[in-house]
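Me: Can you walk me through this one? I have not looked at it before.
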Amino acid sequence: MTAQLVSTTSTSIDLDFKKLPQHVAIIMDGNGRWAQQRGLPRLEGHRQGANTLKEILRTCKNWGINTLTAYAFSTENWGRPLTEVGFLMNLFERLLRKELQEMREEGVRIRFIGDLSPLPSSLQQEIRYSMAKTRHNQTINFNVAINYGSRKEIVKACRDIAEKVALGELSPDTIDENTISQYLYTSANPDPDLLIRTSGEMRLSNFLLWQLAYTEMYVTDTFWPDFDLQQFEKAIISYQKRDRRFGKITAMPTLSF
Ligand code: IPE
Ligand code: IPE
Ligand code: MG
């Protein structure tokens, strides 16, 4: 109850609820450093990071943000020690089992993006089950990127499109930007308006390369487990001050020559 109150109460008068981003994507980075800073095993950082995600999801839902996409495990993260990879896979599975009921009640539609085929079969089962059970929910879209790599996603889209062409079901000259978008894992959602990366790294780490073409970026030094409601508000306020020009001279349609 307390957690709910904390996460729904805006503390800032600067936040404009009429100008919220509709789709927020997050690179949840810094779990390991958060733990190391406290003399804890890295795994504690992941555990704490899961709580942060839950709070941010709830806040997005309560504020009316339509889509949240969270980067949970990259195609490159398999290169970590086996114990860490195993812990993360277990954590995803346990969380899904524990949180599904609440997500169902709160109207969360969960989707997983990435190549799910190399994941442990028990996790794949939970994933399929949670997607099926929430597929009619409409309050918020919650995308979790697991074994996600943007370059692999684009390669897959190219292959799928090429196959359609080979079958004579698609003509090369009809392929445009929309076609590519439709073949990506994120086809159901508009591109993100805001990308947040925690822990200060100024890179995309193979996340949503196509989809982020005109997304506003916000990087904070805060480690993911410490990213709370106030931090999230700060990110949104920063977003609201941006002039999204999309290549034009001004965001306001006032200039004409
Ligand atoms: C992000 O935190 C979580 C995953 C990549 C799974 P990290 O584990 O990358 O934490 P740092 O960057 O090492 O501190
Ligand atoms: C990006 O974080 C992936 C996730 C948050 C899941 P990493 O910690 O893997 O990224 P790099 O290695 O710093 O680029
Ligand atoms: Mg990291």
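Reply: What follows covers the fold, the overall size and one strand. This is a predicted model, where local features need pLDDT of at least 70, side-chain atom pairs count only at pLDDT 80 or more, and totals for chains, interfaces and linings use all residues. Residues are numbered from 1 along each chain as its sequence is written, chains are lettered from A and ligands numbered from 1 in the order written, and side-chain values use heavy atoms, with hydrogens and water left out.

Me: How many helices and strands are in the chain?
Reply: The chain has 8 helices and 6 strands. These are DSSP runs numbered from the N terminus: helices are H or I with at least four residues, strands are E with at least two.

Me: What pattern does the chain follow along the sequence?
Reply: The chain reads α-β-α-α-β-α-β-α-β-α-α-β-β-α.

Me: OK, size. What does the C-alpha trace span?
Reply: About 55 × 50 × 35 Å along the principal axes of the chain.

Me: And how much of the chain is buried?
Reply: 47% of the 257 residues. Buried means under 20% relative accessible area with a 1.4 Å probe, counting protein chains only.

Me: Now β3. Why is strand β3 largely enclosed?
Reply: Strand β3 covers residues 108-113, and 5 of its 6 residues are buried, so the rest of the structure largely encloses it.

Me: Which strand is joined to β3?
Reply: Strand β4, residues 140-148; the two run parallel, with 6 bridges between them. Strands pair if DSSP finds at least two bridges between them.

Me: What stands opposite Arg 109?
Reply: Asn 141, in β4.

Terms used:
Buried < 20%, exposed > 50% of the residue type's maximum accessible area, 1.4 Å probe, protein only.
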